[in-house]
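Student: I would like to go through this model with you, one topic at a time. May I begin with the strands?
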Amino acid sequence: MLKLYNTLTRSSDQFSPIYNDMVRLYTCGPTVYDYLHVGNWAAYIYWDILVRTLIANDYKVERVMNITDVGHLVSDADDGQDKLEKGAKREGKTAWEVAEFYTEDFLGGMDKLNLLPPAHITKATNYIDEQLDLIRRLKQTGYLYQIDDGIYFDTSLFPTYADFAHLNLEAQRAGARVDFNSDKRNISDFAVWKFTPQGQTRDMEWVTPTDVLDDPSASDKMGFPGWHLECSAMALTLLGDTIDIHTGGIDHIPVHHSNEIAQSEAATGKTFSNFWLHNNHLKVNGTKISKSLGNGYTLSDIESKGYSPMDYRMLVLQSQYQSEGNFSFENLEAAKNHLNNWRNLAAIRHQRQDMQTGTDIPSHELRQDMITALNDNLNTPGALQVVDAHLSSIALKSTTQAIESTVKAIDELLGLGIMDSTPDIDDDVKQLITDRQSARADKNWQEADRLRDALAERGIQLKDSSDATYWQYI
Ligand code: AMP
Ligand code: ZN
């Protein structure tokens, strides 16, 4: 039984999809104006665990993840520069080039982190027609109004607007900033379409069709979609009016997801998503990640310090997605050692020949215990504990086959790529090991030490256990 904490109900609810065994899942994707930092990546690692857990529960997953390549403004209040246009200025490129570059980098990072690719990875700029169609639907139902800088959704016409995020709209009104756009009817109203400011040209802009305008005198205006509209349009187009699960970060609750719900449900008259899952924010050295602090480490920062993306994945899995994880290079070092321990236990499968066959400790029990942990609201630390408690006895006491199926189960559920990263050693390294054993038997300590150093150069060390000597990756 899979239980997930649902932001919509503020409780841990038993999950079941609308259609039999098919889960329709939408993940808010990255805004591609810069490299993703460790916090962003943590979010996608957690949603990858969600997908793996669903699959382990025998569900098929139809998943959409968007790429926000236009319309995400610097301020949540629909003001300020578009992050993509800002990135373009910073890099002396066009917004299209910036989007393309960081999209490619994101896809490459997904691959490195072993994130299962969603069935649909959709760029907002490829769904402009669908977004305009959604605007037309909302216009027909009377939810929209046009002001100088764009077309807005009137949140006061959607009576449950404040419910999802438990917003206090009264307090929002009272605390309205002085630069609040006073043409808006309500402070919480949001743009579904913004006009390119007078006298400016954007890299990314589209003709505003006359039929979405209240005031056709604005018909020569160019414009671009609002960030919230993008997600609604892509989810409704590809997954239908009501989806099973929608995921994002906790920062999305008060604005982005409240707005997605309002406009989607206003258009369809149906519940937009049955489950809403939100990951907490990762900190770095106990501090919020921010551009000004320069603590938004990227995957390449991690790699350039000699860590692998899998070491980082291990660090993320050590916290449950709703807790505030902490990144530091000390924690990363500990995660690397933790993973290396597992790898060395997995490598025992190559070394069984001259040892007793052992009893088969059933690997399906370990798999089932991991699934039980993950079914408890994606309790990844619990799943790691299951492995910590049993992997060593499985590796030391059971057959090659049982070790293999155990490692496969760990990879299936946690995506740590252990099978692929624990190849057998080459024959010449095996020869070094045999030679070293002979040197030791002959009490030729000098030669034994020389061979130990030669092995270390190949990244291998020997470790004695009560019944045998194993080689390990250093
Ligand atoms: P953005 O590219 O800004 O749209 O963010 C991409 C994703 O990263 C969103 O789902 C955010 O909620 C998430 N996110 C941003 N900062 C953090 C953080 N420090 N920890 C975890 N997730 C984050
Ligand atoms: Zn979104």
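Student: How many bridges join strand E15 to E16?
Tutor: In this predicted model, strand E15 (residues 460-464) is joined to E16 by five bridges, and the two run antiparallel. The connection between E15 and E16 is a hairpin through four residues.

Student: Which residue stands opposite Thr469 in E16?
Tutor: That residue is Asp464.

Student: And is strand E16 largely enclosed or open?
Tutor: Strand E16 (residues 469-473) is largely enclosed by the rest of the structure, because four of its five residues are buried. Buried here means under 20% relative accessible area.

Student: Moving to the open sheet: what is the order of its strands?
Tutor: The order is E6-E7-E8-E10-E9, five strands with antiparallel pairing. At the edges lie strand E6 (144-147) and strand E9 (206-207), each of which pairs on one side only.

Student: How many bridges does E8 share with strand E7, and how many with E10?
Tutor: Strand E7 (residues 150-153) and E8 are joined by four bridges, while E8 and E10 pair over three. Both pairings are antiparallel. Across the first of these, Phe153 stands opposite Phe190 in E8; across the second, Lys194 stands opposite Phe224 in E10.

Student: How many residues of strand E8 are buried?
Tutor: Six of the six residues of strand E8 (residues 190-195) are buried, and the strand is mostly covered.

Student: What about E9 and E10: which way do they run, and how many bridges join them?
Tutor: E9 and E10 run antiparallel and are joined by two bridges. In that pairing, Val207 stands opposite Met222 in E10.

Student: Now the internal spaces. How many cavities of 30 Å³ or more are there?
Tutor: The count is two cavities of 30 Å³ or more. The largest cavity has a volume of about 90 Å³, and the second largest holds about 30 Å³ of space.

Student: Which residues line the largest cavity?
Tutor: Its lining includes Lys194, Phe224 and Trp227. Lys194 and Phe224 are also the residues that stand opposite each other in the pairing of E8 with E10. Strand E10 (222-225) and helix H6 (227-239) each supply at least two residues of this lining. By class, the lining has four nonpolar, five polar and three charged residues.

Student: How many charged residues line the second largest cavity?
Tutor: The lining of the second largest cavity has no charged residues; four are nonpolar and four are polar. Among them are Tyr46, His281 and Tyr321.

Student: And the largest pocket, what is its volume?
Tutor: The largest pocket has a volume of about 1500 Å³. It is lined by 46 residues, of which Tyr33, His37, Asn40, Lys83 and Asp251 are the closest to its centre.

Student: Which element gives the largest share of that lining?
Tutor: H1 does, with five residues. Helix H2 (83-91), strand E11 (243-249) and helix H7 (253-268) are also among the elements that each supply at least two residues. The classes of the pocket lining are 14 nonpolar, 21 polar and eleven charged residues.

Student: Let us turn to the aromatic residues. How many aromatic pairs does the structure hold?
Tutor: The structure holds 21 aromatic pairs. One of them is edge-to-face: the rings of Tyr35 and Phe101 have their centres 6.1 Å apart and their planes at 75 degrees.

Student: Why does that angle make the pair edge-to-face?
Tutor: Planes over 60 degrees apart count as edge-to-face, and the planes of Tyr35 and Phe101 are at 75 degrees.

Student: Where do Tyr35 and Phe101 lie in the chain?
Tutor: Tyr35 is in the loop between strand E3 (22-27) and helix H1 (38-56), and Phe101 is in helix H3 (residues 95-112). The two are 66 residues apart, and the pair links distant parts of the chain. Tyr35 is partly exposed, with a relative accessible area of 37%, and Phe101 is partly exposed at 35%.

Student: Which charged end sits over the ring of Phe101?
Tutor: That of Lys93, 4.6 Å from the ring centre. Likewise, the charged end of Lys305 sits over the ring of Phe329, 4.9 Å from its centre.

Student: Which cluster includes Phe329?
Tutor: Ring pairs link Phe329 with Tyr297, Tyr307, Tyr312 and Phe327 into a cluster.

Notes:
Residues are numbered from 1 along each chain as its sequence is written. Chains are lettered from A and ligands numbered from 1 in the order in which they are written. This is a predicted model: local features need pLDDT of at least 70, side-chain atom pairs count only at pLDDT 80 or more; totals for chains, interfaces and linings use all residues. Side-chain values use heavy atoms; hydrogens and water are left out. On a 1 Å grid over the protein atoms alone, a cavity is a set of points where a 1.4 Å probe fits but cannot get out, and a pocket is an open set with protein on both sides within 12 Å along at least five of seven lines; lining residues have an atom within 4 Å of a point. Grid points are joined across faces, edges and corners, and a volume is the space filled by probe spheres set on the points. Ala, Val, Leu, Ile, Met, Phe, Trp, Tyr, Cys and Pro count as nonpolar, Asp, Glu, Lys and Arg as charged, and the others, Gly among them, as polar. Rings of Phe, Tyr and Trp (its six-membered ring) pair if their centres lie within 6.5 Å; planes under 30 degrees apart count as stacked, over 60 as edge-to-face and the rest as tilted. Buried means under 20% relative accessible area, exposed over 50%, partly exposed in between (1.4 Å probe, protein chains only). A charge sits over a ring if NZ of Lys or CZ of Arg is within 6 Å of the ring centre and within 35 degrees of the ring normal. Two strands pair if DSSP finds at least two bridges between them.
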